[in-house]
Amino acid sequence: MSTRIAFLKGHGTENDFVIVPDTENVIELTPAAVAALCDRRAGIGGDGVLHVVRSAAHPEAAEMAADAEWFMDYRNGDGSIAEMCGNGVRVFARYLQHAGHVAEGDIAIATRAGVKTVHIAKDGDVTVGMGRARLPEGDVMVSVGERSWPARNVNMGNPHAVAFVDDLAHAGDLYSQPPFSPAAAYPDGVNIEFVVDRGPRHVAMRVHERGSGETRSCGTGACAVAVAAARRDGADPSATGTPATYTVDVPGGRLVITERPDGEIEMTGPAVIVAEGEIDAQWLENAVG
């Protein structure tokens with residue numbers, strides 16, 4: 001390993017990431033290394049790590065290489081692996097543009113949840129094709145303190161429980177994952193969204209992301225919230241034949257989510273690169289030793 005490792009810092013609606021370019025997949029990013037990088041006091045700080053690898057160089061993405069040159073090897077802030085991160089894909093695309101690998105327009109990015117189509121607009125916003133939602137059957141409940149709410153089970157390539165509440169403060173501090181039941185609904189953990197209405201097709205949310213705690217934004221969570229709200233509001237596009245667009249306010253900004261009649265979901269929002277520098281490889285080795 002070289003004595004210095006290049007990194008960048010970026011965010012999408014304040015969901016922030018350490019970006020580690022590693023085109024040939026030669027840097028070993030152990031869970032401990034990722035957690036050290038994401039530590040906000042002793043490391044760089046972030047909700048997760050975007051490991052930038054050519055698809056052909058990564059065993060989990062090699063089969064997607066013909067469709068997408070680049071693989072987003074995404075890790076949660078605690079070092080665990082995640083299938084997908086919607087804000088992360090937008091920031092990943094912005095990095096590829098920043099590095100000169102891609103230009104404005106449409107690109108494809110491989111993720112553990114499949115190949116995602118991304119559009120980089122001239123105005124700076126990035127739109128991600130998030131695929132279709134799955135709505136597993138069965139009742140789910142989430143709780144905070146003495147309060148409990150029914151939640152909609154929505155899978156966006158990763159699992160979500162969406163609860164509509166009267167006040168976002170009812171979500172509590174979200175330092176730890178709110179209890180949910182039944183446990184069998186989410187054997188690998190779950191992202192939990194608490195949602196209030198702000199106006200017609202306009203909602204606001206807070207989220208506890210598994211492996212990261214409360215984050216300023218969650219792209220797949222915003223999509224899950226829009227899907228759950230559309231079903232609640234009788235605006236299921238597959239039934240009405242009309243796209244449903246929801247504005248979703250998150251603590252870090254605003255996302256616009258559109259679900260089409262064919263089930264495909266698009267998410268639009270900002271993506272920003274804020275800094276770049278070098279990680280001291282000796283520090284990283286010591287941090288995980």
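Q: Two strands are said to pair if DSSP finds at least two bridges between them. In this predicted model, what makes β16 and β17 a pair, and in which sense do they run?
A: The two strands are joined by 4 bridges, and the definition asks for at least two, so β16 and β17 count as paired. They run antiparallel. One bridge places E259 against its partner I265 in β17.

Q: Which residue in the hairpin of β16 and β17 takes a positive phi?
A: G263 does, with a phi near 95°. The hairpin has 4 residues between its strands.

Q: How do you know that β15 and β16 are paired, and what lies between them?
A: The count of bridges between β15 and β16 is 7, and at least two are required, so the pair qualifies. The strands pair in the antiparallel sense, with V248 opposite L255 in β16. They also form a hairpin, with 2 residues between the strands.

Q: Why is strand β5 described as largely enclosed by the rest of the structure?
A: A residue is buried if its relative accessible area is under 20%. Of the 7 residues in β5 (residues 105-111), 5 are buried, so the strand is largely enclosed.

Q: What makes β4 and β5 a pair, and is the arrangement parallel or antiparallel?
A: There are 2 bridges between β4 (residues 70-76) and β5; the requirement is at least two, so the pair is accepted. The arrangement is parallel, and F71 has A110 in β5 as its bridge partner.

Q: How do you know that β5 also pairs with β6, and in which sense?
A: β5 and β6 (residues 114-120) share 7 bridges against a required minimum of two, so they are a pair. The sense is antiparallel. A108 stands opposite T117 in β6, and a hairpin of 2 residues joins the two strands.

Q: Why is the largest void of about 60 Å³ called a cavity?
A: A cavity is a set of points where a 1.4 Å probe fits but cannot get out, so this name denotes a closed space. The structure holds 2 cavities of 30 Å³ or more. The lining of the largest includes Y74, M84, C85, E209 and R210. By class, this lining has 4 nonpolar, 4 polar and 2 charged residues.

Q: Which elements each supply at least two residues to the lining of the second largest cavity?
A: These are α3 (219-232), β15 (244-250) and β16 (253-259). The cavity has a volume of about 30 Å³. Among its lining residues are A226, Y246, E259 and I265.

Q: How many nonpolar residues are in the lining of the second largest cavity, and what makes Y246 count as one?
A: The lining has 7 nonpolar residues, with 1 polar and 1 charged. Tyr is in the nonpolar class by definition, so Y246, a lining residue, counts there.

Q: What makes the largest pocket a pocket and not a cavity?
A: A pocket is an open set of points, whereas the probe in a cavity cannot get out, so the two names are distinct. About 160 Å³ of space lies in the largest pocket. It is lined by 14 residues, and those closest to its centre are T117, G129, M130, E264 and E266. β6, β7 (126-132) and β17 (264-269) give two or more residues each, and β6 gives the most, with 5.

Q: How do the residues lining the largest pocket divide by class, and which class holds G129?
A: The lining has 4 nonpolar, 5 polar and 5 charged residues. Gly is counted as polar, so G129 belongs to that class.

Key. Residues numbered from 1 in each chain as written. Predicted model: local features only at pLDDT ≥ 70, side-chain atom pairs only at ≥ 80, totals over all residues. Heavy atoms only, no water. Buried < 20%, exposed > 50% of the residue type's maximum accessible area, 1.4 Å probe, protein only. 1 Å grid on protein atoms, 1.4 Å probe; cavity = no way out; pocket = protein on both sides within 12 Å on 5 of 7 lines; lining within 4 Å. Points joined across faces, edges and corners; volume = space filled by probe spheres on them.
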